[in-house]
Amino acid sequence: MTSRKRTRIRPLIAFLLAFGLIAAACSSGDDATEPTKDTASTPTTAATGSTEPSAAVSGRCGDPARLGDSINFLNWADYIDEAVLEQFEEECGVSVTMETHTANEEAIAKIQAGNSGFSLVIVTDYAVGIMRSQDLLQPLDLTEIPNAKNLDPAQMDLYYDPGNVYSLPYQYSTTGIAYDETAFEAPPTSWSALYGDNQYCGQSSLLEDQRETVGSALLYLGYGINETDPAAHEQALNALLEAKDCISAFDSANFIGNLASGEVLIAESWGFAAGIAYLDNPNIRYVIPEEGGFIWQDNFVIPADAPDPYTAHVFTNYMLEPDIGALITEYTFGYTPNALVPPLLSGDYNDVIETVGLTLTDEIRDRLDYTVRDDEHAIFAKTWSDVMAGG
Amino acid sequence: MSAPAAGKKYHRRLLLPGLSWISLTYVIPSILIVVYSLLTPQLGGGVVWDFTLDAWAEVFASGSRSNIGWQTVGTALVFGILATLVVSIPATVWARSVGRSEHRALAFGGVFGLLVAVNHLAGGYNNYSAVFARSVVWSLWATVICVVLALPLVVFISSRESRVAKNALLVAVMIPFWTSMLVRTFAIRFLLSNTGPLNNMIESLGFERQVFLNTRFAVVLGLVYTALPFMILPLYAAVERSDRAQLDAARDLGARPLRVFTEVFLPMVKPGLIVGSTMVFVLSVAQYLVPTLLGGGKTNMIANLLDLQFGEAFNWPLGAAVAALFSLVTILSLYLVVGRNEELDLA
């Protein structure tokens, strides 16, 4: 070895190195998939009727004696107009602390861990089924949620919660294709625009989701989205590996911003997301391909270990008020399951829905299906893992 | 040199806090991981206590995609040979300089080349060994690139006359790392994107726009960018405490610059190189953020697959098996690099 010349520089290096390590450790944390905040520009908060500014507890606030001061609410990121939370606090005196998740699995994991402190959670259809099967939810007391009677029967009693014992619908939407109108001579009408016949390699994306992405490959191949036949999945795997060489990314986190900025010109997209992208890029259009698409629904659920189930019931009922429901739907660009909301929706909202192509006609509904996720459908995880592992 | 028995006992007791901490946070979870890898997955996460080897079978299963044509084999060969040359030439030069066997250096380059070739072939395969090979090979590339970038820089900083200038330059190396890695990686995304500054520049120079983001190139770039300071700092420490007089002596005695570099300089900074390379490699091979943000889900490394199994795929046993194998690979490579270098001074 060489002679060791001890210099005063070494403590500095040690410090820098330690600092760097700590910084690296701290920053490489969990949420890699940050939702695109930029695209969630404040949508039109339009005519929402008159919300009587009552200092005292109004009729929409339940029993003041039982109502808590605060509630912890777990919701999808960018999925509610914050004005709703403020209004609830003003009207009912309950301050809402909202935390957000970016995946159903994340929400399930939080509740699974126990003692999460959340009294009300919003998760998608299949997640309700999983949470129900793991006894993570408590039955809803519909006498505390009188507004449930306003809900559209078509959105009730679905496969994941027969009889709506544990859940009530919050918003629903679809999954199809969003594209930039100016990039296409003839609007795409088939999943082949993303598989097999993609004109925009490097400028297109598929969702990063095992059910919706493997599902869309299955649709492209002529199967249904809940197909479990191994031979069909083999084909879907190859279609996806081929698509992978062409698309720019599997992306559920940034595609809204990418559509808005023109970074991608065609993407597998959620319906509501196309509406949000449209606000920044008026050329964005949305289509449910002729092979079919997905319908899905987000729901209110109350965890079995919720600290304040009563306040959660009242808050749920509050969000099912027609004026509040309109506020929410105008923000999310989803569809409302509340039959009293559509007449209240602003002209701006309806214009966007119509222009983008989000109008949900009966003809389109016939082509949509809910994704089922249970032990019989475990092959989807396998196929998706193989796609992710591929080079 | 033997200490008194009582003293020995005393020293052993000193290990207790650290040892219990390590067993609590590392040993016990490691055992749990191995146990979990032998159980049955449960929908929604967690495991069912039915023993099975399914997860391990899955880890070692071969892929089902079989589109490896002659073109793939040809490019794999070319890449393999190139990689062999890139590694074995400097390795041989070094081996000669420190009087070690040149065969081992050549063999090292050969193994690297083979790995690169296999990785290229495996690129068409969708199994876990491909992901492992990919992670290891990319991390090796990142390490090699970091050495090439760091060496000249370190020599430059170290040869500054004033201490103030040295410190200022070192701090300048570290400053970017005082902002969140997430923010910096998003910045790279923006830089490389289809509509980003780099492509705007390329277009204004009259060329076609290129796809940079979500490619292997972007991922390796991200790995290098993230890990570079961890190469620079140990290397700088080694260069700082190396004996400059020996370099002068070699020169005075008539050695040509290349010979001074390989036979005097390199052996002196070897400990720094080893520490730096180890840190860069270990940091890179476990990267999650870089392949997620710069790879677009198309170029996943081991950590991404782990995340998938423990998250969306609800297959904890498979995730646990991958994690166990991953730990094993890391510990083995650390042992190979560090464990056998008795002369290595990690301080």
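**A guided tour of chains A and B**

Begin by selecting A:Arg373 and A:Glu105, both of which are buried. The model on display is a predicted one. These two residues form a salt bridge, and their closest N and O atoms lie 3.2 Å apart. Next, colour the elements that carry the pair: A:Arg373 sits in the loop between strand 10 (368–369) and helix 13 (379–389) of chain A, while A:Glu105 belongs to helix 3 of chain A. The pair thereby links distant parts of the chain, 268 residues apart.

**The two domains of chain A**

Now colour chain A by its domain assignment. Domain 1 covers 59–172 + 296–352, and domain 2 covers 174–293 + 361–389. Their centres, taken over C-alpha atoms, are separated by 27 Å. To display the contact, show 15 residues from domain 1 of chain A and 14 residues from domain 2 of chain A.

About 1400 Å² is buried between domain 1 of chain A and domain 2 of chain A, and carbon and sulfur atoms give 63% of that area. Select A:Tyr159, A:Trp296 and A:Phe333 on the domain 1 side. These residues supply 41% of the area that domain 1 of chain A buries against domain 2 of chain A, more than any other three residues.

Turn next to the polar side of this contact. Between domain 1 of chain A and domain 2 of chain A there is 1 salt bridge. The two domains also share 7 residue pairs in polar contact, counting pairs with both residues at pLDDT 80 or more. Highlight helix 4 (125–133) and strand 9 (293–301) of chain A, each of which supplies at least two residues of the side of domain 1 that touches domain 2 of chain A. Helix 4 of chain A gives the largest share of that side, with 3 residues.

**Further salt bridges in chain A**

Over all chains, the count comes to 15 salt bridges. For one of them, select A:Lys110 and A:Glu99, whose side chains meet with an N to O distance of 3.9 Å. A:Lys110 lies in helix 3 (residues 104–112) of chain A and A:Glu99 in strand 2 (residues 95–101) of chain A, 11 residues apart. Are these side chains buried or exposed? A:Lys110 is partly exposed, with a relative accessible area of 27%. A:Glu99 is also partly exposed, with a relative accessible area of 39%.

Then select A:Arg60, A:Glu91, A:Glu321 and A:Asp323 together; salt bridges link these residues in a network.

**Moving to chain B**

Switch the display to chain B and show its cartoon, which has 15 helices and 2 strands. Of the 347 residues in chain B, 46% are buried. Among contacts in chain B between residues at least 6 apart in sequence, 68% join residues at least 24 apart. With a surface drawn, the accessible area of chain B comes to about 17900 Å², of which 71% belongs to carbon and sulfur atoms.

For the last stop, zoom in on helix 11 (residues 244–252) of chain B, where B:Arg251 and B:Asp248 both lie. The two residues are 3 apart in sequence, about one turn of the helix. Their side chains meet in a salt bridge with an N to O distance of 3.9 Å. B:Arg251 is partly exposed, at a relative accessible area of 47%, and B:Asp248 likewise counts as partly exposed, at 37% relative accessibility.

Definitions and conventions. Residues are numbered from 1 along each chain as its sequence is written. Chains are lettered from A and ligands numbered from 1 in the order in which they are written. This is a predicted model: local features need pLDDT of at least 70, side-chain atom pairs count only at pLDDT 80 or more; totals for chains, interfaces and linings use all residues. Side-chain values use heavy atoms; hydrogens and water are left out. Helices (H or I, at least four residues) and strands (E, at least two) are DSSP runs, numbered from the N terminus. Buried means under 20% relative accessible area, exposed over 50%, partly exposed in between (1.4 Å probe, protein chains only). Contact means heavy atoms within 4.5 Å. Accessible areas come from the Shrake-Rupley method with a 1.4 Å probe; for residues, only the protein chains shown count as cover. Domain bounds come from an automatic or database domain assignment. Buried area is the accessible area (1.4 Å probe) that two parts lose on being put together, summed over both. A salt bridge is a side-chain nitrogen of Lys or Arg within 4 Å of a carboxyl oxygen of Asp or Glu. A polar contact is a pair of N or O atoms within 3.5 Å; within protein, one must be able to donate a hydrogen and the other to accept it, and residues adjacent in sequence count only if both atoms are side-chain atoms.
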